[in-house]
Amino acid sequence: MSRIGKNPITIPAGVTVDVADGMITVKGKLGELKQEYSNIDIKIEEGVITLERSSDKKEDKAKHGLYRALIANMIEGVANGYTKSLELVGVGYRASNQGQKLDLALGYSHNIVLEVAPEVTVETVSDKGKNPIVKLTSFDKQLVGQVAAKIRGFRKPEPYKGKGIKFVGEQLRRKAGKSA
């Protein structure tokens with residue numbers, strides 16, 4: 001029994017939701033998102049979305065909670081947006097951006113230049129005495145997470161000194177190293 005799928009989703013002011021033959025479209029002040037769905041009945045009544053599954057098969061139960069979470073994330077995204085912040089920890093690690101091009105110096109023999117999707121806005125913060133921070137903002141939660149994971153994958157944090165790219169607020173598992 002999907003408990004997440006049973007929760008209703010309230011539609012905030014300024015957001016419109018359209019359902020048409022297997023496609024749900026959510027429009028808001030920040031943008032527009034579309035998602036295909038199957039084996040689920042979506043009902044919109046008085047600003048509240050409810051999802052019902054057609055049968056009690058295992059696949060339908062899984063999709064019930066999945067589509068409810070995806071639709072809730074779409075509505076939250078077009079209404080408020082999502083932000084992920086990455087911190088570059090290490091001597092000489094730098095980040096800068098010109099528009100949608102992110103230039104990262106991560107201790108390799110060359111800089112890494114990443115062309116970020118146009119839906120994601122990139123901002124770099126470099127304060128003296130603090131680690132550089134890369135902020136990614138968009139209305140699409142999946143896209144922000146994917147871009148953040150790709151950037152983090154260039155230099156994952158290592159467990160001894162903690163050098164690498166980590167999410168702001170992420171707790172790393174640290175190891176003790178050699179003991180004499």
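In which strand is the place of T83? In this predicted model, T83 belongs to strand β7, which spans residues 82–89.

**View 1. T83 in strand β7 and the residues that T83 touches.** With a relative accessibility of 51%, T83 counts as exposed, because the cut-off for that class is over 50%. When residues up to four places away in sequence are not counted, T83 touches L136 and T137. The C-alpha atom of T83 is separated by 9.5 Å from that of V120, a residue 37 positions apart from T83 along the chain.

**View 2. E87 in strand β7 and its contact with N131.** E87 is likewise found in strand β7, and its relative accessible area of 17% makes E87 buried, because that class takes in values under 20%. The side chains of E87 and N131 are joined by a polar contact of 2.9 Å. Once neighbours within four places in sequence are left aside, the residues in contact with E87 are N131, P132, G164, I165, K166 and V168.

**View 3. K84 over the ring of F167.** Here K84 lies over the face of F167, and the distance from the ring centre is 5.3 Å.

**View 4. R155 over the ring of Y108.** In this close-up R155 is placed over the face of Y108, at 4.2 Å from the ring centre. As for pairs formed between aromatic rings, for which the centres must lie within 6.5 Å, the count comes to zero.

Notes
Residues are numbered from 1 along each chain as its sequence is written. This is a predicted model: local features need pLDDT of at least 70, side-chain atom pairs count only at pLDDT 80 or more; totals for chains, interfaces and linings use all residues. Side-chain values use heavy atoms; hydrogens and water are left out. Helices (H or I, at least four residues) and strands (E, at least two) are DSSP runs, numbered from the N terminus. Buried means under 20% relative accessible area, exposed over 50%, partly exposed in between (1.4 Å probe, protein chains only). Contact means heavy atoms within 4.5 Å. A polar contact is a pair of N or O atoms within 3.5 Å; within protein, one must be able to donate a hydrogen and the other to accept it, and residues adjacent in sequence count only if both atoms are side-chain atoms. Rings of Phe, Tyr and Trp (its six-membered ring) pair if their centres lie within 6.5 Å; planes under 30 degrees apart count as stacked, over 60 as edge-to-face and the rest as tilted. A charge sits over a ring if NZ of Lys or CZ of Arg is within 6 Å of the ring centre and within 35 degrees of the ring normal.
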